[in-house]
Amino acid sequence: PLPPVEQLRVMMAERGTRQADLVAAGVFPNRGIASNVLNGRRALTYSFVERLAEFFHVSPAVFFP
């Protein structure tokens, strides 16, 4: 299993999802937070994981090592 942020990056690459897409969908409140999460400066919270799971149509367990 991949670390949560790496799993997110893989899923984004596979689907052609950009950081701005996640912000527009309401997964992250703004681009700064999205950038911090994707660069490992901020951890994924449970609420982010819930919204990511919904956005990518996967189980939240995907984001837990």
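**Core.** I looked up the largest nonpolar core in this predicted model. It has 17 residues. Those with the most contacts inside it are Leu8, Leu22, Phe28, Leu44, Leu52, Phe56 and Phe63. I then asked which elements give two or more residues to this core. They are α1, α3 (31–38) and α4 (46–56).

**Leu44.** I picked Leu44 from that list and pulled its contacts, leaving aside neighbours within four places in sequence. Leu44 is in contact with Pro4, Val5, Phe28, Val37, Val49, Leu52 and Phe63. Of these, Phe28, Leu52 and Phe63 are also on the list of residues with the most contacts inside the core.

**Helix α4.** Which residues of α4 are buried? I noted Phe48, Val49, Leu52, Ala53 and Phe56. They cover an arc of only 135 degrees around the axis, so they sit on the same side of α4. The background is simple: an α-helix has 3.6 residues a turn, so residues three or four places apart point the same way. Next I checked the face turned away from the buried side. That face carries the exposed residues Tyr46, Glu50 and Glu54. I also looked up what covers the buried residues of α4. The cover includes α1, α2 (19–24) and α3. Just after α4, I logged His57 with a positive phi of about 60 degrees.

**Gln7.** This residue is found in helix α1 (residues 4–15). Is Gln7 buried or exposed? Gln7 has 18% relative accessibility, and the cut-off for buried is under 20%, so Gln7 counts as buried. Leaving aside neighbours within four places in sequence, I found Gln7 in contact with Leu2 and Val62.

**Ser35.** I moved to helix α3, where Ser35 lies. Its relative accessibility is 18%, so Ser35 counts as buried. With neighbours within four places in sequence left aside, Ser35 is in contact with Gln19 and Arg41.

**Arg15.** My last stop was Arg15, in helix α1. Arg15 counts as partly exposed because its relative accessibility is 43%. What does Arg15 touch, not counting residues up to four places away in sequence? I found Phe56 and Val58. Phe56 is one of the buried residues of α4. I also checked Arg15 against Glu50, which is on the exposed face of α4. Arg15 and Glu50 are 35 residues apart in sequence. In space they are 18 Å apart, C-alpha to C-alpha.

Notes. Residues are numbered from 1 along each chain as its sequence is written. This is a predicted model: local features need pLDDT of at least 70, side-chain atom pairs count only at pLDDT 80 or more; totals for chains, interfaces and linings use all residues. Side-chain values use heavy atoms; hydrogens and water are left out. Helices (H or I, at least four residues) and strands (E, at least two) are DSSP runs, numbered from the N terminus. Buried means under 20% relative accessible area, exposed over 50%, partly exposed in between (1.4 Å probe, protein chains only). Contact means heavy atoms within 4.5 Å. A nonpolar core is a set of buried Ala, Val, Leu, Ile, Met, Phe, Trp, Tyr and Cys residues joined through side-chain atoms within 4.5 Å. The arc is that of the directions from the helix axis to the C-beta atoms.
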